[in-house]
Amino acid sequence: MTPPQLWPVLVEDYLALRRARGFAVEQLGWFLRDFARYTERTEPDGPLTVELAVRWALSSGRGDPARAERRLWAVRQFARHRAAFDPATEVPPPGLLSRAPGRKPPHVYNDAEISALLRECSRLRPRGGLRPLTYVTFFSLLAATGLRLSEARHLERRDVDLTPGMLTIRMSKFRKSRLVPLHPTSVEALTRYAARRDAFRNAPRSEFFFHTEQAPALNRSSVEGTFRRMRHRLGWTAQGRARRPRIHDLRHTFAVRRLLRWYEEGVDLERKILALATYLGHAQVSYTYWYLSAVPELMAVSAQRFEHFAQRARESAP
């Protein structure tokens, strides 16, 4: 039996252990703290059981099976730890909620699609105003750097140092900060934007790098709404694609293209993928390795590498 007042303590001790070993615990912590509160309300005196874990995983009320599976995954990690101390602990087996669909493969933009998106940005109203200029530069930066939407929106003037060509991303996802070096062409484009932006006398003064005539910063809902309207005008659907294009797929496109180029150049992907994970701000390098199994072009790369490895093993066998 686990006294109810111990559930939050046990969860925090487990998270501290994970954190000390270098693992990211933000999302895991959200789930497990909610699980501890749920357990205190419903099963305060009982052990951690499969039935309890599944009931909590399905209790979010969102009707999203993929989310339920992620919630159950979090409890599974905690249960494995608790089982070493409490033999009554039951560890939910993998695949218990396997009806949940897997993560869909990303849409990888081609050059024509990116060009079409930027053309639509340039046609936004007011014609010749700051808004179309801002959106052209904003989406160009996402495509050129793989920044998250929130990271680009929150860039302040002080974060964009165009002399060395460096962006400072402050307290992004997982509450981490990092430096993002820019290609010279990106520095040139951002320099032109900054000069033209500051020439608009009617635009509000803002500490943010990207803004429009009407808003001192880019609001997430406004950016997503603008993108949806442009996507509709361009006729982009899921037909003939891995999925309907999204803003976040610009980040995926950057990562996939970088990995493919490195492969074509014959570099050591094992070393380079660590650098890419840092550049993208991934909490774990496994998030970067996901591309190797999610994108057909990179799956072919992985297969070729494995075949090469297998061939060398056969040749060296006695």
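In the predicted model, a network of salt bridges links D34, R37 and R71. The structure holds 19 salt bridges. Side chains of opposite charge can pair when their charged atoms come close.

E151 pairs with R178 in one salt bridge, with the closest N and O atoms 2.9 Å apart. E151 belongs to helix α7 (residues 149-153) and R178 to strand β3 (residues 178-181), so this pair ties together parts that are 27 residues apart in sequence. Both E151 and R178 are buried. A salt bridge also joins R170 to D159, at 2.4 Å between the closest N and O atoms. R170 sits in the loop between β2 and β3, and D159 in the loop between α7 and β1. R170 is partly exposed, at 41% relative accessibility. D159 is buried, at 3%. R246 and D249 form a further salt bridge (2.9 Å, N to O). Here R246 is partly exposed at 26% relative accessibility, whereas D249 is buried at 0% relative accessible area.

Helix α5 comprises 12 residues, 111-122. At 1.5 Å a residue its expected span is 16 Å, and the 17 Å between its end C-alpha atoms agrees. Its buried residues are E113, I114, A116, L117, E120 and C121. These cover an arc of only 160° around the axis, which puts them on the same side of α5. D111 and A112, on the other side, are exposed. Cover for the buried residues includes α6, α9 and α10. At the start of α5, a side-chain oxygen of N110 comes within 3.2 Å of the backbone nitrogen of A112.

The loop between α5 and α6 contains P126. A cis peptide bond joins R125 and P126, with omega about 5°. Most peptide bonds are trans.

How values were computed
Residues numbered from 1 in each chain as written. Predicted model: local features only at pLDDT ≥ 70, side-chain atom pairs only at ≥ 80, totals over all residues. Heavy atoms only, no water. Helix = DSSP H or I, 4+ residues; strand = E, 2+ residues; numbered from the N terminus. Expected span 1.5 Å × (residues − 1). Buried < 20%, exposed > 50% of the residue type's maximum accessible area, 1.4 Å probe, protein only. Arc of directions from axis to C-beta. Contact = heavy atoms within 4.5 Å. Polar contact = N/O pair within 3.5 Å; in protein donor to acceptor, adjacent residues only side chain to side chain. Salt bridge = Lys/Arg side-chain N within 4 Å of Asp/Glu carboxyl O.
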